[in-house]
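Open your viewer, get the selection box ready, and follow along stop by stop. At each one you will find what to select and what to look for.

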Amino acid sequence: MDIAGLDPAVVAAVERETSELLSRLIQIDTSNPPGNETAVAELMDRWFREAGLQGEIVGEPADRRSFVLRLEGQRPGPSLLLLAHEDVVPANAADWQVPPFSGLIKDGYVWGRGAVDVKNLVAAHAVAVKRLAAAGAPFAGSVTYACTADEEEGTVGGARWLVEHRPDLMRCDYVINEGGGHFLEHAAGRIYLVESGEKGTAQFRLVVHGEAGHASVPLRHGNAVLAAARVVEALVAHELPVVVDESSRELVELLVSDRDLRARLRDPAAARGALADLAACDPRLADMIEPLYGFAFSPTIVQSNSVAVNVYPTRVELSVDCRMLAGHDEDEVEAEVRAALAGVEAEWDLEWIGVIRGNASPYPTPLSDAIRTVLQRYVPDAELANSHSVGFTDSNWFRAAYPGIVAYNFAPHIVESYDDVTSRYHNVDERILVRDLAFQALFAERVALEVLQ
Ligand SMILES: [Zn+2]
């Protein structure tokens with residue numbers, strides 16, 4: 001698809017510049033752990049200096065730094081932050097068609113780890129900011145560019161550190177970050193997903209206690225392994241309450257054409273059954289909506305403290321991943337665990353592994369209006385659907401640190417759809433179409449001009 005309304009020479013130049021920069025970024029292996037993101041911060045520092053722009057390499061520890069650059073506009077006004085992370089998840093080269101850190105450009109794609117998650121935005125936002133600077137920063141307020149360390153693990157530095165230690169650099173009115181921007185083809189047109197919020201995590205460990213003893217003697221009561229099995233079964237069988245909130249409402253409204261099904265999907269009492277009906281006709285949409293209905297318990301690790309096969313353990317640990325919608329907290333999760341395990345023959349304690357509450361920005365806002373306006377210039381039948389991310393992004397730290405901030409996850413593709421792109425996240429043969437990459441740069445540039453008036 002041509003990017004309608006754009007000078008082909010401009011598109012070609014932006015394609016060249018974004019793909020060349022993305023290729024160089026992919027060649028820097030920032031697999032997290034250990035990250036080593038400072039090399040990316042240094043590359044971006046050099047790249048901007050060559051364009052006459054000066055930013056700051058910032059953060060700690062020394063090998064996990066971020067890069068931030070602010071461009072002041074021509075008059076006072078609101079501030080927009082273009083955010084992306086420098087680190088990537090590890091890649092096993094043997095499984096890939098191309099070396100994952102080659103940054104190869106072939107068949108119209110840039111290939112490699114980080115091509116869609118999310119060095120594409122590190123490159124696209126940089127080109128957008130450079131073009132805005134070259135045009136004389138013709139906007140009100142300011143645009144800040146940030147590529148930050150340690151998103152995938154989120155344990156040491158990066159955005160979490162920056163919002164706390166450098167509000168002078170990071171505090172802003174609007175944030176555009178990775179996450180949304182994928183489109184679904186629908187009878188009414190293209191529906192672009194914009195994520196205004198995120199689920200939180202409430203990961204916990206259930207420690208199941210038992211009696212020690214020689215395993216040659218059957219221990220029907222007090223065998224922690226049997227008790228742990230009962231606990232897992234009860235947890236997974238437990239029917240969790242359905243929450244219908246703004247994270248699923250527009251998806252249902254815009255994408256479910258059957259009126260009766262739509263009504264049932266909005267009714268918490270009928271929603272589970274309706275979801276099964278939806279899965280029968282549109283499994284992809286059902287998969288998108290199910291995690292937005294509230295908590296889910298996913299047991300992932302089982303460990304016992306027995307070191308010999310002939311000894312009963314006194315302790316079996318079950319690690320459980322649990323995500324909670326914005327506005328909910330770990331006390332509600334614990335209450336559901338207790339309800340699920342009431343009456344189960346097992347002695348257990350709950351320990352939290354990690355809790356980060358989900359959060360959300362208001363919607364709609366001038367930022368979503370600007371996103372829609374710019375998008376419809378190039379995709380006239382595009383409509384936005386507000387939703388929440390079921391995973392985690394750095395937008396969470398910004399909303400938590402700066403109440404009232406509007407942070408949306410939105411990096412639009414214009415050629416490849418949701419199905420094409422989302423399967424590549426954290427997967428083999430990660431790649432992005434050069435045309436989509438260039439569109440992300442041009443889109444960021446134009447949204448900045450639209451919202452900073
Ligand atoms: Zn990411």
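## First stop: the cysteines

Before anything else, keep in mind that this is a predicted model. Start by selecting the cysteine sulfurs: the number of disulfides found is zero. Now pick Cys172, which takes part in no disulfide; the nearest cysteine sulfur belongs to Cys147 and is 15 Å away. A disulfide would need the two sulfur atoms within 2.5 Å. Is Cys172 buried or exposed? Cys172 is buried, with a relative accessible area of 10%. Select Cys322 as well: its relative accessibility is 0%, so Cys322 counts as buried too.

## Second stop: the zinc ion

Next, center the view on the zinc ion and show the side chains around it. Which protein atoms act as its donors? They are His85 through NE2, Asp117 through OD, and Glu178 through two OE entries, at 1.8 to 2.7 Å from the ion. Turn the site around and look at the angles: the four donor atoms subtend 52 to 150° around the zinc ion, so the arrangement is irregular. For comparison, a tetrahedral site would need all angles between 85 and 135 degrees.

Along the sequence, the donor residues follow the spacing H-x31-D-x60-E. Color His85 and Asp117 to see how this pair links distant parts of the chain: His85 sits in strand β3 (residues 75–85), while Asp117 is in the loop between β5 (109–111) and α3 (119–134), 32 residues apart. Both His85 and Asp117 are buried.

## Third stop: two cis peptide bonds

Stay with Asp117 and zoom in on its backbone. The peptide bond from Asp117 to Val118 is cis, with omega near -10°. Val118 belongs to the loop between β5 and α3.

Then jump to Tyr363 and Pro364, which are joined by a cis peptide bond with omega of about -5°. Here Pro364 lies in the loop between β16 (359–360) and α12 (366–378).

## Fourth stop: the open sheet

Switch to cartoon view and select β10, β12, β14 and β15. In what order do the strands of this open sheet run? The order is β12-β14-β10-β15, and the pairing is antiparallel. At the edges are β12 (296–304) and β15 (347–356), each pairing on one side only. From one strand to the next, the twist averages 20°.

Add helix α11 (residues 330–341) to the selection: α11 packs on the sheet and touches β10, β12, β14 and β15, and its direction makes about 155° with that of β15.

Now look at β10 (residues 200–209) beside β14 (residues 315–324): these strands pair in the antiparallel sense over eight bridges. To line them up by eye, use Val207, which stands opposite Glu317 in β14. If you turn on hydrogen bonds, remember that strands of a sheet pair through backbone hydrogen bonds, either parallel or antiparallel.

While you are here, select Pro299 in strand β12. Pro299 has a relative accessibility of 34%, so it counts as partly exposed. Leaving out residues up to four places away in sequence, Pro299 touches Val232, Val236, Ser319 and Val320. For a distance to try in your viewer, go from the C-alpha atom of Pro299 to that of Glu233: they are 66 residues apart along the chain and separated by 9.9 Å.

## Fifth stop: a hairpin

Select β8 (residues 183–186) and β9 (residues 189–198), which run antiparallel and are joined by four bridges. How many residues lie between β8 and β9 in this hairpin? There are two residues between them. A handy marker is His186, which stands opposite Gly189 in β9.

## Last stop: three buried residues

Pick Ala137, in the loop between α3 and β6 (140–148). Ala137 has a positive phi of about 50°, although it is not a glycine. With 6% relative accessibility, Ala137 counts as buried.

Asp429 also has a positive phi without being a glycine, in this case near 55°. Look for Asp429 in the loop between α14 (418–422) and β19 (431–433). At 10% relative accessibility, Asp429 counts as buried.

Finish with Ser142 in strand β6. Its 6% relative accessibility makes Ser142 buried. Beyond its neighbours within four places in sequence, Ser142 has contacts including Arg70, Glu72, Pro78, Leu80 and Leu452.

Key:
Residues are numbered from 1 along each chain as its sequence is written. This is a predicted model: local features need pLDDT of at least 70, side-chain atom pairs count only at pLDDT 80 or more; totals for chains, interfaces and linings use all residues. Side-chain values use heavy atoms; hydrogens and water are left out. Two strands pair if DSSP finds at least two bridges between them. Axes are lines fitted to C-alpha atoms, for helices over the stretch in contact, and angles run from 0 to 180 degrees between N-to-C directions. Contact means heavy atoms within 4.5 Å. Buried means under 20% relative accessible area, exposed over 50%, partly exposed in between (1.4 Å probe, protein chains only). Donors are N, O and S atoms within 2.8 Å of the metal (3.2 Å for Na, K and Ca); water is not among the atoms, so sites may look incomplete. Four donors count as tetrahedral if all angles lie between 85 and 135 degrees; four count as square planar and six as octahedral if opposite donors are over 155 degrees apart and all others between 65 and 115; anything else is irregular.
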